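Got your viewer open? Then come along for a short walk, one selection at a time.

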Amino acid sequence: MKILITVEKDWVSPRFDLTREVLIAENKGEKIRTVILPRPSAEELCSFILTENVDIVVCGGIEETYYQYLLWKKVKVIDRVIGPVKEVLKRVVQNRLREGKIIR
């Protein structure tokens with residue numbers, strides 16, 4: 001399972017379309033890498049997600065168009081998430097993260 005979390009500083013990025021940094025985790029969070037994108041672009045981020053074969057995307061706000069596109073491409077999207085990236089990743093791996101969750 002490959003998880004992508006949009007990042008701003010050490011928190012989940014509040015907007016998908018303005019994201020410049022993402023965390024990618026594999027093997028239940030054992031292999032983690034950070035990727036800096038060349039510019040904020042929802043279209044380019046969607047393309048990157050598909051190229052990387054991501055299974056789950058965690059983000060703050062995402063426009064309905066991109067949300068539906070990723071779902072159509074069989075990518076699970078957990079949106080409206082607020083919280084520190086480390087704790088969010090832990091909850092995703094444990095299958096305890098739901099849409100709209102605020103984590104402190």
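**Starting at the end of a helix**

Select Asn-53 to begin: this residue follows α1, and its phi is positive, near 55°. Keep in mind along the way that you are looking at a predicted model.

**Back into helix α1**

Now select α1, residues 42-51. Colour Ala-42, Leu-45, Cys-46, Phe-48 and Ile-49, which are buried in this helix. Turn the view until you look down the axis of α1: its buried residues fall within an arc of 160°, so they line one face of the helix. What do the buried residues of α1 pack against? Show β1, β3, β4 (31-36), β5 and α2, and you have the partners of those residues.

**The largest nonpolar core**

Next, bring up the largest nonpolar core, which has 20 residues. Leu-4, Phe-16, Val-22, Phe-48, Ile-49 and Leu-70 are the ones with the most contacts inside this core. Which elements give two or more residues to the core? They are β3 (21-26), α1 and α2. The most comes from α1, with 5 residues. As background, nonpolar side chains tend to be buried together in soluble globular proteins.

Stay in this core and centre on Leu-4. Beyond its neighbours within four places in sequence, Leu-4 is in contact with Val-22, Leu-23, Ile-24, Phe-48, Ile-49, Val-54, Ile-56, Val-57 and Val-58. Another core, of 16 residues, lies apart from the largest one, and among its members are Ile-3, Ile-5, Leu-23 and Ile-56.

**Ile-56, in strand β5**

Pick Ile-56 from that second core. This residue lies in strand β5, residues 56-58. Is Ile-56 buried or exposed? Ile-56 counts as buried, because its relative accessibility of 10% is under the 20% cut-off. Leaving out neighbours within four places in sequence, the contacts of Ile-56 are Met-1, Lys-2, Ile-3, Leu-4, Lys-76, Ile-78 and Val-92. If you like, draw a C-alpha to C-alpha distance from Ile-56 to Leu-70: it should read 9.7 Å, for two residues 14 apart in sequence.

**Lys-2, in strand β1**

One of the contacts of Ile-56 is Lys-2, so select that residue now. Lys-2 sits in strand β1, residues 2-8. Lysine or not, Lys-2 is buried, with a relative accessible area of 14%. Where does its side chain go? The side chain of Lys-2 reaches the backbone oxygen of Glu-52 at 2.8 Å. With neighbours within four places in sequence set aside, Lys-2 is in contact with Ile-24, Ala-25, Glu-26, Arg-33, Glu-52, Asn-53, Val-54, Asp-55 and Ile-56. Asn-53, where the tour began, is thus among the contacts of Lys-2.**Aromatic rings in helix α2**

Move to helix α2, residues 64-72, and show Tyr-69 and Trp-72, which are 3 residues apart and therefore separated by about one helical turn. A search of the whole structure finds 2 aromatic pairs. In the pair of Tyr-69 and Trp-72, the ring centres are 6.0 Å apart and the planes stand at 50°, so the pair is tilted. Switch on a surface to compare the two: Tyr-69 is partly exposed at 31% relative accessible area, while Trp-72 is exposed at 60%.

**Last stop: the annotated span**

Finally, select residues 12-93, where an unreviewed UniProt entry places the feature "domain: Dinitrogenase iron-molybdenum cofactor biosynthesis". The end C-alpha atoms of this span lie 16 Å apart, and the span is 34% helix and 23% strand.

Key. Residues numbered from 1 in each chain as written. Predicted model: local features only at pLDDT ≥ 70, side-chain atom pairs only at ≥ 80, totals over all residues. Heavy atoms only, no water. Phe/Tyr/Trp six-rings, centres within 6.5 Å; stacked < 30°, edge-to-face > 60°. Helix = DSSP H or I, 4+ residues; strand = E, 2+ residues; numbered from the N terminus. Buried < 20%, exposed > 50% of the residue type's maximum accessible area, 1.4 Å probe, protein only. Contact = heavy atoms within 4.5 Å. Core = buried A, V, L, I, M, F, W, Y, C linked by side-chain atoms within 4.5 Å. UniProt positions renumbered as here; feature names shortened; annotations may be inferred. Polar contact = N/O pair within 3.5 Å; in protein donor to acceptor, adjacent residues only side chain to side chain. Arc of directions from axis to C-beta.
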